[in-house]
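Biologist: Could you walk me through this structure and tell me the reasoning behind each label?

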Amino acid sequence: MTDFWFQFLLALDSTLRVATPLIFCAMAGIFSERSGIIDISLEGKMLMAAFVAAATAYATGSPWIGAIAAIIVSILASLIHGFACIIHRGNQVISGLAINILASGLTVIIGIALFRQGGQTPTLPRTSRFNSLELPFVDFMEQNVPIFGIIYKELLSDHNILVWAALASVGVTFYILFKTTFGLRLRAVGEKPEAIDSAGISVTRMRFQAIIIAGILCGLAGVYLSTATGAGFVKEMTAGKGYIALAAMIFGKWRPVPALFACLLFGFLEAVAARVQGVEIMLIGEISSDLLIALPYLLTVILLAGFIGGVTPPRAIGQPYIKER
Amino acid sequence: MQASRLPRYVDICVIPILNLLTALFVAGIIIAIIGENPFTALSVMLKGAFVYKGGLGYTLFYTTNFIFTGLAVAVAFHAMLFNIGGEGQAAMGGLGIGLVALSLGGILPVLVVIALAILGSALFGAIWGFIPGYLQAKRGSHIVITTIMFNFIASAIMVWLLAGMLMAPNQMSPETISFQNGVMLWQFHDILNRLGFDIGRSPLNLSFVLALICCFLVWLLIWRTHLGYRIRATGFSPKASTYAGYQPETIIIITMAISGALAGMMAVNEILGVQHRVILNFTSGYGFTGIAVALMGRNHPLGIIFASLLFGALFQGGAELDFEFQTITRDMVVMIQGLIILFSGALAYMFNPMLEKLFLNEERLKEPNND
């Protein structure tokens, strides 16, 4: 039993690590989509940011400068999205798709041009990465506090600063969306942009602000992948995480806290998938980790189809706003 | 999409070409920034795609893939549905071919197996389009999200089957055993060799003819049948078509099934034409390229043929880049594809105000002369 408990704690620990980029991207998606802009380019922005973070951290030796550069590039990608769908009223899905495809091509081409390593960046030394932080009194807690002591050591300690930032981003998102005037306007612009417009607030400006925030958050997700958990950029390293985050955002019904739980659930499924390959379970037989990986997508489809409660996306989502004259 | 006041020929020819040139121009700048000559790269690509022996065959082989996936996206677009699930539908199409070929090969005559395998690809693709269509029509789930999710689900199913039940014994890579001898579509270089012509080896096979037939059938469907009219009416205004008694729900489901069937048939080219067994990831992003193809081809079969040829040349020419340059690889093609989707899709109307000024002013100037 203790062994099971320990294994479970380790699974939760890796859940948190796997879920971190999902949480950043899901919050990014919430900002963007709550303002009425569909954002399937979470994946592409995260990929670009991951590359820029690793390349800059390698060149400068500082993960912090890498992070800033990554966030700037991710914001630029957001601005392209905004230029296409807010200013030119282009199709938001097509624009997002273009950014994703562009990102997977550009990162490799520039990577080869700069480093000649087949699209990878050189491995980053410890000093150019965000390393895990051991919390104080870990051993003292483990020896003297029952139950919580081991949770403290195995689950809470030894995470890098971005894991904590991701969790904090949920609170910040919640606060901005539901407790500030800006958040109220942002939600209104995604539901009824005419109302915001007639109140004399620029819909264009609100939407641009929303997607810039989304850009910052996707940037952090990329930074996490290449300079915190990873030690450099690898071709296609986001591997569909942006789409899982999109699924988590929908699963959380465009709300920050439920979306956090969806990210943790999907992260947990992935963490479990990595551990159960070949494990036999009574009555069910061998669990296939290949199929377990598809579970987040399947759950999202089932939820969207209204089989587990209804889902209402922001009302004005996907529609370009045309100012009446 | 917004209505254009421009003359028809500007809308159909000038705008796509302008958008394409913008995309290529940006790609050229990027090539220049990484220190290579964009014109050398272009000439290498053109030679690789059309001039070198077998190059044209490869170009037309890729063209075949893009015709199928482009048609799939276009048919759905006519009903204002955005099918991004071509990737998953094509993968399932490959599974359909595999199941037919592996279970019936050796039992039925070869030609019958081939015909059934082609139908199998269409059927499996259709199912993978039907379900998102059904969920959109009856349960209100957004087709874009559902088809994205279905791509991932299809990919997981393929890994599960090809690395499990269907995996060839004594084999390390996830793929099935080869189909029975003869269960394949003939390749053009073989056919022409027998007739005494040598065109160089390429994987171009009879699927190309099948793709062209599909183009004709799609044209017939959309513009010459009642169903096609209902599809376009549903896309134009679901409310009006309900009023006309067209049941948009049914139309959405049928359209998505047709769209999925077309995407599924892409597997005919790759699996029956070349691999003769089911392998993992044979779709290689061609489903997504179909979106760019449909956008460039303006959802018309003829436009799709030209756009597919363009992308076929890009893919084949892109392979040539790998040999000639150290710094430019096939990934350049992925980037160009992204730029084309951006400029001819999301920013399709960027040049409209400028062009309207240009062409409409001209017409206004002409008017006094006509008096």
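Modeller: Here is a short round of questions and answers on this model, which is predicted.

Biologist: How confident is the predictor in the complex, and what are its ipTM and pTM?

Modeller: The complex gets an ipTM of 0.88 and a pTM of 0.89 from the predictor. For chain B, the mean pLDDT is 89, with 96% of the residues at 70 or more.

Biologist: Which elements of chain B have the lowest and the highest mean pLDDT?

Modeller: Helix H16 (residues 352-370) of chain B has the lowest, at 69, and helix H8 (residues 207-224) of chain B has the highest, at 96. Where pLDDT is low, the coordinates should not be read in detail.

Biologist: What makes the size of chain B agree with a compact globule?

Modeller: A compact globule of 371 residues would have a radius of gyration near 21 Å, and chain B has 22 Å, so the two agree. Along the principal axes, its C-alpha atoms fill a box of roughly 80 × 55 × 40 Å. As for secondary structure, chain B has 16 helices and zero strands. Buried residues make up 53% of this chain.

Biologist: Why is helix H13 of chain B called largely enclosed?

Modeller: A residue needs 20 or more other C-beta atoms within 10 Å to count as buried. Eleven of the eleven residues of H13(B), residues 286-296, are buried, so the helix is largely enclosed by the rest of the structure. Among them are B:Tyr286, B:Phe288, B:Ile291 and B:Met296. Just after this helix, B:Arg298 takes a positive phi of about 55°.

Biologist: Why is A:Trp254 called buried, and why is A:Arg89 called partly exposed?

Modeller: The cut-offs are 20 or more neighbours for buried and 12 or fewer for exposed, with partly exposed in between. A:Trp254 has 22 C-beta neighbours inside 10 Å, so it counts as buried. A:Arg89 has 16, so it counts as partly exposed. Each has a backbone detail to look at: phi is about 60° for A:Trp254, a positive value although it is not a glycine, and near 55° for A:Arg89, again positive in a residue other than glycine. A:Trp254 lies in the loop between H11 and H12 of chain A, while A:Arg89 lies in the loop between H3 and H4 of chain A.

Biologist: How do you know that H3 and H12 of chain B meet, and which residues are involved?

Modeller: Their axes come within 7 Å and cross at roughly 150°. On the H3(B) side are B:Thr64, B:Asn65, B:Phe68 and B:Thr69, which meet B:Met266, B:Asn269 and B:Glu270 of H12(B). By class, this contact has two nonpolar, four polar and one charged residues.

Biologist: What makes up the side of chain A that touches chain B?

Modeller: In total, 36 residues of chain A are in contact with 39 residues of chain B. Helices H3, H4, H11 and H13 of chain A each supply at least two residues of that side, and H4(A) gives the most, with 15 residues. The side consists of 25 nonpolar, ten polar and one charged residues.

Biologist: Which residues have the most contacts inside the largest nonpolar core?

Modeller: That core has 225 residues, and those with the most contacts inside it include A:Cys25, A:Ala49, A:Leu217 and B:Leu71. Residues touched by A:Ala49 include A:Ala70, A:Val73, A:Cys218 and A:Val223.

Key. Residues numbered from 1 in each chain as written. Chains lettered and ligands numbered in written order. Predicted model: local features only at pLDDT ≥ 70, side-chain atom pairs only at ≥ 80, totals over all residues. Contact = placed C-beta atoms within 7 Å. Helix = DSSP H or I, 4+ residues; strand = E, 2+ residues; numbered from the N terminus. Nonpolar A, V, L, I, M, F, W, Y, C, P; charged D, E, K, R; others polar. Axes fitted to C-alpha atoms, helices over the stretch in contact; angles between N-to-C directions. Core = buried A, V, L, I, M, F, W, Y, C linked by C-beta atoms within 7 Å. pLDDT = per-residue confidence, 0-100. Rg over C-alpha atoms; globule rule 2.2 N^0.38 Å. Lists of a residue's contacts leave out its neighbours within four places in sequence.
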